[in-house]
Amino acid sequence: MKPTNALLFSTCPATMLGPSSSSPQQCPSTKYHYHLAASYIAKSRPFDPQTHLFQFNPYNRLSQPPKSPKRPKSSRPESGQDAFFISQLGASPSSGEVALGVADGVGGWMDSGVDPADFSHAFCDYMAANASSSDPPSTARELMQRGYEAVCHDESIKAGGSTAIVGLLTSNGKMEVANLGDSGFILLRRGGVHASSEPQTHAFNTPYQLSVVPPSMLLRAAAFGGAQLMDQPRDAEVTRHGLRHGDVVVFASDGLWDNLFEGDILRIVSSVMRERGVWRVNGERGCVVEEDIKSVTEGKTTLQGRLATEIVRQAKIASVDPKLDGPFAKEVKKYYPHEVWRGGKEDDICVVVVVVEEEGGAGSVKAKL
């Protein structure tokens, strides 16, 4: 997590700091609502913001859940080897609590004749089913563990692997994130970067990953003195954050982080938030948040949908730009100074956006120096 020199904001009469947090804690009576949307595109496909968009509604439930939570390939979103899920947390949608995550299938499995998308999409489907069960997980790492165990016991998945980032959002404005690999998140607050994740890698372009490895492949690797990467959910980095009215949280696969810098994402989000009148510059108070944001988070063209599709659109453009060096090009230059890599890195891109709403708005939010 990268702390920033951001102003602290409080809705309570006095700022209350927790023992391990740089953010004020919420008042016990405050309830938070989350508005979510996902956008995505496979690397070989043109992007259409109307088609490649998922708007989350916790009340859109199937009357008869399928026997298996796994979706057939034909019904998967056009996100390539990337996958995502957004689900209510617990059996009641009225709780307002949400689980979400992004998984990026490890493309190296294609050399062994394995479709990496099978692992990542099944993994997300299993996590979604567990999150919305009558016995939901209490931590993000536990949800990752449940999803991974389900994939390992799925006889149709013989091999594969994936990175993972999983978040739990509770009604009291708390967010817990478990991140394994080089997917990640960024938390934006009132025109600034408040927190973000650090990638976990074994080496350059070799992220931590959950895997299902056939016994024959394990024996072959051992015979030649090698090893397969088989990280576990316990290896995920866990962080906890207090959320505020008007915050924007972006979860994404490395298709975003390899092509746009944090400053680029902040610029895109700030532009959309100002365009919709949610973040406003107000003289000495700096960036303030509109108290009532329901009108822009509901309806056909939502704020969260606009944010998600605009981030993906610009990441897609950057990924195929042969001249504009992005974060991946910078990393290549760092680790391999004699290599010539120019421009972006074409990849699948998957983004989930959360817009945070505090019940009652932000009328009492004041900047604390």
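1. Cys350 has a relative accessible area of 0% in this predicted model, and Cys350 is therefore classed as buried. The cysteine sulfur closest to that of Cys350 belongs to Cys124, at 7.7 Å, which is too far for a bond.

2. Cys124 takes part in no disulfide, and the nearest cysteine sulfur to its own is that of Cys350, 7.7 Å away. Because its relative accessibility is 0%, Cys124 also counts as buried. With a disulfide requiring sulfur atoms within 2.5 Å, the count of disulfides in the model comes to zero.

3. Turning to the helices, the axes of H1, which covers residues 116-131, and H2, which covers residues 140-152, come within 8 Å of each other and cross at roughly 125°. H1 is therefore oblique to H2, since the angle lies outside the range of 65 to 115 degrees for roughly perpendicular axes and is not over 145, where roughly antiparallel would begin. As for handedness, the crossing of H1 and H2 is right-handed.

4. The residues through which the two helices meet can be listed for inspection: H1 contributes Phe119, Ala122, Phe123, Tyr126, Met127, Asn130 and Ala131, while H2 contributes Leu143, Met144, Arg146, Gly147, Tyr148, Ala150 and Val151. Sorted by class, this contact of H1 with H2 comprises eleven nonpolar, two polar and one charged residues.

Key. Residues are numbered from 1 along each chain as its sequence is written. This is a predicted model: local features need pLDDT of at least 70, side-chain atom pairs count only at pLDDT 80 or more; totals for chains, interfaces and linings use all residues. Side-chain values use heavy atoms; hydrogens and water are left out. Axes are lines fitted to C-alpha atoms, for helices over the stretch in contact, and angles run from 0 to 180 degrees between N-to-C directions. Helices (H or I, at least four residues) and strands (E, at least two) are DSSP runs, numbered from the N terminus. Angles under 35 degrees count as roughly parallel, over 145 as roughly antiparallel, 65 to 115 as roughly perpendicular and the rest as oblique. A crossing is left-handed if the near helix is turned anticlockwise from the far one by less than a right angle, and right-handed if clockwise. Contact means heavy atoms within 4.5 Å. Ala, Val, Leu, Ile, Met, Phe, Trp, Tyr, Cys and Pro count as nonpolar, Asp, Glu, Lys and Arg as charged, and the others, Gly among them, as polar. Buried means under 20% relative accessible area, exposed over 50%, partly exposed in between (1.4 Å probe, protein chains only).
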